[in-house]
Amino acid sequence: TQGRHVFKLDDDDVIRPGFLEKTVALLEANPHVGSVYTAYEELDTATGQGEAVVDRDFFAAGIVPGHRYARAVLVNEGGFPRNQKTTAVFRRETARRMDFYRHASDDFSFSAALGVEADVGYIPEPLYVWRKHGANASADLHAVWRIARESLDGLERLPTVAGQPDLAPDWPGLVDRCRQALPVYYLQASLRLPGFAHR
């Protein structure tokens with residue numbers, strides 16, 4: 001990509017009108033912010049029932065320091081699904097500093113890595129829809145576990161951490177805490193998928 005801002009959306013999810021306008025506006029108004037997330041709707045495609053997931057606690061001020069956000073992601077502060085913030089609009093330059101997905105190969109770890117690089121913004125409106133269905137990637141626990149472990153190995157070696165004196169001493173321990181908690185995190189995610197108990 002060559003644009004100033006980048007957005008990646010999983011092919012089974014949906015953004016709502018206003019998503020791009022509002023996230024980009026927040027980036028444009030706040031040069032210290034490197035990535036922006038929004039609240040979202042968790043939609044069960046089998047029943048058509050949806051639930052808005054809005055994080056008004058952690059993001060009470062709308063913008064949080066990136067280091068705080070990265071720590072919160074790694075220790076799952078707030079718990080799943082409220083801490084499921086993997087659909088972001090981010091600055092290309094922010095991601096370029098840590099070589100995009102090279103060290104953080106899945107959305108979960110990429111979100112933490114973006115926080116290492118810059119502050120994080122949040123819009124408390126459900127502007128995208130996470131569609132839960134039987135074919136969600138997180139239903140394959142073996143595959144997501146392997147990818148997540150590889151991503152955590154990459155995060156442990158994230159080159160830009162070394163130049164962050166407020167974060168570097170704690171970083172290996174934070175990554176290790178996440179590594180130990182990942183089986184529970186992904187099991188929780190999978191149990192929320194339609195039909196999981198029948199597979």
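**Exercise 1. The chain as a whole**

Among contacts in the chain between residues at least 6 apart in sequence, what percentage join residues at least 24 apart? State also how the secondary structure is ordered and what share of the residues is buried.

*Solution.* The model is a predicted one. Taking contacts between residues at least 6 apart in sequence, 78% join residues at least 24 apart. The chain contains six helices and seven strands, and along the sequence these follow the pattern β-β-α-β-β-β-α-β-α-α-β-α-α. Of its 199 residues, 51% count as buried.

**Exercise 2. The hairpin of E3 and E4**

Determine whether strands E3 and E4 run parallel or antiparallel, and describe the turn that links them.

*Solution.* Begin with the pairing: E3, residues 33–44, and E4, residues 49–53, run antiparallel and are joined by five bridges. Within this pairing, Leu43 stands opposite Gly50 in E4. Then turn to the connection, where four residues lie between the two strands of the hairpin, and where Gly48 has a positive phi of about 80°.

**Exercise 3. Two strand residues**

Classify Thr38 and Pro126 as buried, partly exposed or exposed, and identify their contacts beyond four places in sequence.

*Solution.* Thr38 belongs to strand E3, and because its relative accessibility is 2%, below the 20% limit, Thr38 counts as buried. Outside the residues up to four places away in sequence, Thr38 touches Phe19, Thr23, Tyr122, Ile123, Glu125, Leu127 and Tyr128.

Pro126 lies in strand E7, residues 119–132. Its relative accessibility is 25%, so Pro126 counts as partly exposed. When neighbours within four places in sequence are set aside, Pro126 is in contact with Arg16, Ala39, Tyr40, Glu41, Ala52 and Val54. For Arg16, which is 110 residues from Pro126 along the chain, the separation of the two C-alpha atoms is 8.1 Å.

**Exercise 4. The packing of H2 and H4**

Work out how helices H2 and H4 are oriented towards each other, and which residues meet where they pack.

*Solution.* Two packed helices are described by the angle between their axes and the distance between the axes. The axes of H2, residues 66–74, and H4, residues 107–117, come within 7 Å and cross at roughly 155°. Since angles over 145 degrees count as roughly antiparallel, H2 and H4 are roughly antiparallel to each other. The crossing of H2 with H4 is left-handed. On the H2 side, Gly66, His67, Tyr69, Ala70, Val73 and Leu74 meet Phe108, Ser111, Ala112, Gly115 and Val116 of H4. The residues of this contact comprise seven nonpolar, four polar and no charged.

Conventions:
Residues numbered from 1 in each chain as written. Predicted model: local features only at pLDDT ≥ 70, side-chain atom pairs only at ≥ 80, totals over all residues. Heavy atoms only, no water. Pairing = 2+ DSSP bridges. Buried < 20%, exposed > 50% of the residue type's maximum accessible area, 1.4 Å probe, protein only. Contact = heavy atoms within 4.5 Å. Axes fitted to C-alpha atoms, helices over the stretch in contact; angles between N-to-C directions. Parallel < 35°, antiparallel > 145°, perpendicular 65-115°, else oblique. Left-handed = near helix turned anticlockwise from the far one by under 90°. Nonpolar A, V, L, I, M, F, W, Y, C, P; charged D, E, K, R; others polar.
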